[in-house]
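User: Hi! Could you take a close look at one part of this model for me, the buried asparagine and its surroundings, and then place that part in the wider fold?

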Amino acid sequence: MSLLMKKLNNGNMKYINNIFGFCAAAMTVCAVFGCKQEELYEPDALKSAQSITFEAEAAEAQSLTIASNGDWMIDVVEDWITVTPMSGTGSTDVSVTVTDNVKDGVLQAPRNGTITIYSERGSSASTSVIQEGDNYFGVVEYTVTQVVKGLKDEDKAKVNGARVTGLSSEGFIVTDGTTFLYVKCAASVKVGDTINMNGARSTENGVPVFIGDEVTVLSNEEYKYPTPTNITRELDSYKAQEVQYVSIEGTLVGTTLKNIPGSPKTGVTVVTPHESISLSDFNVHRLVLTGYYVGKSDDGNINIVVT
């Protein structure tokens, strides 16, 4: 081998050795500092429940879980919300309490607040705090007559001292002694009950109705029905704009009145009879159907809540 080749080989070997040496040093640095780099760039984790709900009065404390992989602190603006503790490290349960939603002895409207959790790295998570209250706080009290004749659809109202005069499977009829109103509500009431109720006015089948939300029964006393208006001979022209107490002659077949005198084009349907009324006992019987006119359906038939 020539002297020139030996020099080249020696130079290449030194170069290769230098490369291996550099790689070994780099691996040593990675081994020493790798763990700290992972910690530095570890994703920030911070979570909490989207919301918690409390009763309006005498609400028990609730536990809120904060899931975190680092230090955190809490900020609450609303003075009716208390959180303990207000700071911590890692995943922790904190206690949340609220004061009664009452002012001067009066239940207030439902209210909302926010618990905001901040991590040491600047990220945040929030939980909504909802406290129940009077959904009709500030809503004006009306009579049945005022609801029917004075309010617009979707207007909210409190109605006190209304009398229940009829029942269906979807609700009941009430009166203030002057005007009748069909209330769509699942509340359990009986004919003769005096009630307070909250809800909103609406219109169905051409007559005002009340979408009941909250009903309180105050008392019960036997109700004496007034004399109904017989509309048998005027079915085709009958256009009442509100609930009326009426009677119609005919033969009951299922929930439909047939063989009506004068053979009117307008049919009569008993709508959603209450479980206390057994129409089957009168099926295919000639009778005078008595009940409340609650409008005309899309097919033109008159709808009756029977009594």
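Analyst: Happy to help; the answer starts with one residue and then moves outward to the strands, a cavity and some backbone angles.

Please keep in mind that this is a predicted model: local features need pLDDT of at least 70, side-chain atom pairs count only at pLDDT 80 or more, and totals for chains, interfaces and linings use all residues. Residues are numbered from 1 along each chain as its sequence is written, and side-chain values use heavy atoms, with hydrogens and water left out.

Let's begin with N101, which sits in the loop between β7 (92-98) and β8 (102-103). Strands here are DSSP runs of E with at least two residues, helices are runs of H or I with at least four, and both are numbered from the N terminus. N101 has a relative accessible area of 3%, so N101 is buried; the cut-offs are under 20% for buried, over 50% for exposed and partly exposed in between, using a 1.4 Å probe on protein chains only. A polar atom of the N101 side chain lies 3.2 Å from the backbone oxygen of E132. Leaving aside residues up to four places away in sequence, N101 touches A56, V106, L107, Q108, A109, P110, R111, Q131, E132 and G133, where a contact means heavy atoms within 4.5 Å.

The strand before that loop, β7, belongs to an open sheet of four strands with antiparallel pairing, in the order β1-β3-β7-β5. β1 (46-47) and β5 (81-84) stand at the edges with a single partner strand each, so one side of each has no neighbour in the sheet. Two strands count as paired if DSSP finds at least two bridges between them. β5 and β7 share four bridges in the antiparallel sense, and V83 stands opposite V96 in β7.

β5 also leads to an unusual bond. P85 lies in the loop between β5 and β6 (87-89), and the peptide bond from T84 to P85 is cis, with omega near -5°. Most residues other than glycine have a negative phi, and most peptide bonds are trans. On the other side of β8, D104 is found in the loop between β8 and β9 (106-107). D104 is not a glycine, yet its phi is positive, near 55°. Unlike the buried N101, D104 is exposed, with a relative accessible area of 73%.

Further along the chain, β13 (residues 156-167) has several partners. β13 pairs with β12 (residues 141-142) in the parallel sense over two bridges, with E141 opposite K158. With β16 (residues 193-204), β13 pairs in the antiparallel sense over seven bridges, and R163 stands opposite T194. A hairpin of three residues joins β13 to β14.

There is also one cavity of 30 Å³ or more. It is lined by D44, N69, G70, D71, S119, E120 and R121. A cavity is a set of points on a 1 Å grid over the protein atoms alone where a 1.4 Å probe fits but cannot get out, and lining residues have an atom within 4 Å of a point.

For the whole picture, the protein chain has two helices and 23 strands, and buried residues make up 37% of its 307 residues.

Note on methods: A polar contact is a pair of N or O atoms within 3.5 Å; within protein, one must be able to donate a hydrogen and the other to accept it, and residues adjacent in sequence count only if both atoms are side-chain atoms. On a 1 Å grid over the protein atoms alone, a cavity is a set of points where a 1.4 Å probe fits but cannot get out, and a pocket is an open set with protein on both sides within 12 Å along at least five of seven lines; lining residues have an atom within 4 Å of a point. Grid points are joined across faces, edges and corners, and a volume is the space filled by probe spheres set on the points.
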